[in-house]
Amino acid sequence: MRPGYELSCAYGEISHSGNADPYHLAMAKAPVLTPQADDFPRWYQDLITKAELADNGPVRGTMVIRPYGYGLWERMQAEMDARIKETGTQNAYFPLLIPQSYLTREADHVEGFAPELAVVTHGGGKELEEPAVVRPTSEMIINDYFSKWVQSYRDLPLLINQWANVVRWELRPRLFLRTTEFLWQEGHTAHATYEEARDFAAHIHRRVYEDFMVNVLAMDVVPGRKTVKERFAGAINTLTLEGMMGDGKALQMATSHELGQNFAKAFNTQYLSKDGRQELVWQTSWGSTTRMIGALVMMHGDDNGLRVPPRLAQIQAVVLAIKGDEAVLAKVREIGDRLKEAGIRVHVDDRTDTPFGRRAVDWELKGVPARIEIGPRDLENGTAMLARRIPGGKEPVSLDTLVSLLPKVLEEDQTLLLKQSRERRESRTTEVATIDEAVEVAGAGGWARIPWAVLGEEGEAKLADHAVTVRCLVAEDGSVPDADDAPGNVAVVARAY
């Protein structure tokens, strides 16, 4: 250890001060977060609060997303939006309020969403002639307009996405994971043929969602097909991406649906084909939500806080001034400018009126991938202390090499997060031959793989009695099967959020 530096008992961090400040002394007595091993749900709630991601809203089940949490969502939006637009999809916006009568047009859809609806019966001090539903999803209102916009084969494919909020009345809310109101993107498309719609839903599933989750969120996910029981209300097929959280439970990350012609029939959405015949369109819908922030916490977080993948992080590196020395402050700001010019998303923390220990712990809680700490002694030595959040640990690095070194470090840490995520899933997934074995594995915090021919719909119902669900069906080689009953299908089962 360098002279004048000491370890904080709570975090194993090196303090630049000669003595531990009161904040670090307090932390040595009690951890900032409830340890994951003691109480995972409590740890999750602690982290959401102390990393300043969100607060509960005044109405049960709602949430206030704080600036740091919303910054994560903005980065997710930017990455997702770019991928969505590469498919030729355009953004639009549709109303929040939907006439209640619209939901009666597709029976399976209304049945699936009826328990979650919020209905407006009064407006402007008067009872409404027709109640309005606060959108739980927008299939109904978007299809009403698709039926007006699509006239000819020349109007197809029609590819629309919207970034919006939706309301689904939650009985057991949990911040980011299940809230009454949440933010999302929802894509809706219309195509001339079944094959075009099927292929587009699969393209969104793999080239937009999976690519984003693996290469930006550094999340190992299992792509698969939902069972009939689990598919989206009104769909003929639902494709999903399932991630394993730190406690072994599964979380549905994003879904892409083949809607067939169900909504086209309900809204009479037809086009004049090249042959001069009136044909019903084939459709898809697909969505991802602020639930991904909850997944980020639970998949990558540890007992010291968040660990944000560098490609996602709105702050990839924070440069901290240890003391209010003018030379130190000048160097910290200079390093910040140089890193910014190199394309790194950087924040300069020169709040020297706040103890260094507290600032370091706060940035650790927020999961910023790299901290660059500079004090008077560092200036003398021509070095900075580089703290890496993802693998942990600190090391002195030359100020002259910092700008060239940091991009390499960030890419190494991005790769490490994905590797750790994959290793967790692989080590906690077990091949089983019976329903009882599947229940046992899921109850112990793991995933089980069981032949669908052994499980079937009857076995799926038995799993539900133990709060275990089929997360998806996969082919023997891990690919997404073409049919629910394709030979060799394997069911991935787990307890889930």
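**Entry 1: exposure terms and Glu326**

I start with the cut-offs: a residue is buried when its relative accessible area is under 20%, exposed when that area is over 50%, and partly exposed in between. I am working from a predicted model, so I keep to local features with pLDDT of at least 70. My opening lookup was Glu326, which comes out as exposed because its relative accessibility is 60%. Glu326 belongs to helix H9, which covers residues 326–341. I also took a distance: the C-alpha atoms of Glu326 and Leu171 are 55 Å apart, with their positions 155 residues apart along the chain.

**Entry 2: Asp81**

Is Asp81 buried or exposed? I find Asp81 buried, because its relative accessibility is 13%. I located Asp81 in helix H3, residues 67–86. Leaving out residues up to four places away in sequence, I see Asp81 touching Asn91, Asn161 and Trp163. Between the C-alpha atoms of Asp81 and Leu417 I get 23 Å, for a pair 336 residues apart along the chain.

**Entry 3: a surface patch**

Next I looked at the surface. Tyr93, Leu96 and Leu97 make a nonpolar patch there of about 290 Å². I checked Leu97 on its own and found it in strand S6, residues 97–99. Leu97 counts as partly exposed because its relative accessible area is 43%.

**Entry 4: backbone checks**

I turned to the backbone angles, and three places went into my notes.

- The peptide bond from Leu156 to Pro157 is cis, and I read its omega as near -5 degrees. Pro157 sits in the loop that joins helix H5 (139–149) and strand S9 (158–167).
- Glu52 has a phi near 60 degrees, which is positive although the residue is not glycine. I place Glu52 in the loop between helix H2 (40–50) and strand S3 (54–56). Its relative accessibility is 33%, so I class Glu52 as partly exposed.
- Ala218 also shows a positive phi in a residue other than glycine, near 55 degrees. The loop holding Ala218 runs between helix H6 (194–215) and strand S11 (221–225). I note Ala218 as buried, because its relative accessible area is 0%.

**Entry 5: domains 1 and 3**

How is the protein divided into domains? The domain assignment gives domain 1 as 42–300, domain 2 as 317–409 and domain 3 as 428–495. I then stayed with domain 1 and domain 3, whose C-alpha centres lie 25 Å apart. On the domain 1 side 23 residues are in contact, and they meet 22 residues of domain 3.

An interface's size is often given as the accessible area lost when the parts come together. By that route I get about 1,800 Å² buried between domain 1 and domain 3, with carbon and sulfur atoms giving 58% of it. Which residues of domain 1 supply more of its buried area against domain 3 than any other three? I found Arg225, Thr227 and Met244, which supply 35% of the area on that side.

How many salt bridges are there between domain 1 and domain 3? I count three. I also looked at the salt bridge of Arg231 with Asp484, where the closest N and O atoms are 2.9 Å apart.

Methods. Residues numbered from 1 in each chain as written. Predicted model: local features only at pLDDT ≥ 70, side-chain atom pairs only at ≥ 80, totals over all residues. Heavy atoms only, no water. Patch = residues over 30% accessible without salt bridge, like charges linked within 9 Å, V, L, I, M, F, W, Y side chains within 5 Å. Areas by Shrake-Rupley, 256 points an atom, 1.4 Å probe, with all protein chains shown as cover. Salt bridge = Lys/Arg side-chain N within 4 Å of Asp/Glu carboxyl O. Helix = DSSP H or I, 4+ residues; strand = E, 2+ residues; numbered from the N terminus. Buried < 20%, exposed > 50% of the residue type's maximum accessible area, 1.4 Å probe, protein only. Domains from an automatic or database assignment. Contact = heavy atoms within 4.5 Å. Buried area = accessible area lost by both parts, 1.4 Å probe.
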